[in-house]
Amino acid sequence: MKVFSSKYTFDYSWEECSTANWRKYCPWNDKSTHVIAVDTLSREIDPATGILRTERLITCHQQAPAWVISLLGGSNTSHVYETSYVSPAEKRVTMCSTNLTWANILRVRETVTYQPDLSTSSPGHERTQFTQDAKITALCGGWQKIRTKIEEASVERFSENARRGREGFEAVLEMSRRVFGEEREREEAKLR
């Protein structure tokens with residue numbers, strides 16, 4: 001098993017990040033063109049805790065080499081199952097995802113959190129701490145050396161995708177701030 005971990009601070013409030021998170025795979029994000037569809041399977045609020053729990057199926061176009069697809073079977077389409085928890089009381093979003101495609105060969109378990117970064121925020125300038133951890137395990141039989149190479153290559157690719165994902169989410173955050181700001185200005189103008 002190999003582990004990928006990263007931390008990043010977004011120059012946006014937790015409210016902005018937690019709201020924009022639902023628009024992460026929209027046309028504003030030119031870094032996520034591989035995402036074909038995001039289907040919400042279930043969504044419920046726990047009446048005791050106020051936590052919003054959402055299950056989604058994310059369908060992607062994968063960039064696996066043709067020889068890998070012909071050898072292992074399958075297609076250029078892959079699926080990821082995601083469960084997210086939004087706790088307004090704790091100001092915390094936690095998203096857990098796992099691959100469904102080729103899960104018998106390679107298992108990827110990812111956990112992402114968004115929460116206020118109290119150490120670098122100041123009044124009127126709130127920031128959000130993003131943490132990302134993934135455990136990548138090759139399950140294929142054979143020599144340990146082959147499994148290790150598969151895991152190392154997967155971590156490298158995961159790292160590249162994580163960087164592009166952060167860049168794309170920054171674009172979504174920027175556009176959300178602008179659009180919501182314009183809407184707020186229109187509403188305030190109506191009240192004058």
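## Strands β3 and β4

Let's start with a pair of neighbours: strand β3, covering residues 52-61, and strand β4, covering residues 77-87, are joined by ten bridges and run antiparallel. To find your place in this pairing, look for Ile58, which sits opposite Val80 of β4. Please keep in mind that what you are viewing is a predicted model.

## From β4 into β5

Moving along the chain, β4 also pairs with strand β5, which spans residues 92-99. The two strands are antiparallel, with eight bridges between them. Two residue pairs are handy for tracing this contact on screen. Tyr85 faces Thr94 of β5, while Tyr81 has Thr98 of β5 as its bridge partner.

The strands β4 and β5 make a hairpin, with four residues lying between them. Have a look at Lys91 in this hairpin: its phi is positive, near 50°.

## β5 and its other partner

How much of β5 is covered? Most of the strand is, with six of its eight residues buried. Besides its bridges to β4, β5 pairs with strand β6, residues 106-116, in the antiparallel sense. Six bridges hold this pairing in the model.

Thr94 is a nice residue to follow here. Thr94 of β5 stands opposite Tyr85, and its bridge partner in β6 is Thr113. Here, too, there is a hairpin: β5 and β6 have six residues between them. In that turn, Trp102 takes a positive phi of about 55°.

## The cysteines

How many disulfides does the model contain? With a disulfide taken as a pair of cysteine sulfur atoms within 2.5 Å, the count is zero.

Why does Cys17 form no such bond? The closest cysteine sulfur to that of Cys17 belongs to Cys26, and because the two are 14 Å apart, they are too far from each other for a bond. Seen from the other side, the closest cysteine sulfur to that of Cys26 is in Cys17, so the 14 Å separation rules out a bond for Cys26 as well.

Are these cysteines buried or exposed? Cys17 is buried, with a relative accessible area of 0%. Cys26 is buried too, at a relative accessible area of 17%, a value that falls under the 20% limit for a buried residue.

Terms used: Residues numbered from 1 in each chain as written. Predicted model: local features only at pLDDT ≥ 70, side-chain atom pairs only at ≥ 80, totals over all residues. Heavy atoms only, no water. Pairing = 2+ DSSP bridges. Buried < 20%, exposed > 50% of the residue type's maximum accessible area, 1.4 Å probe, protein only.
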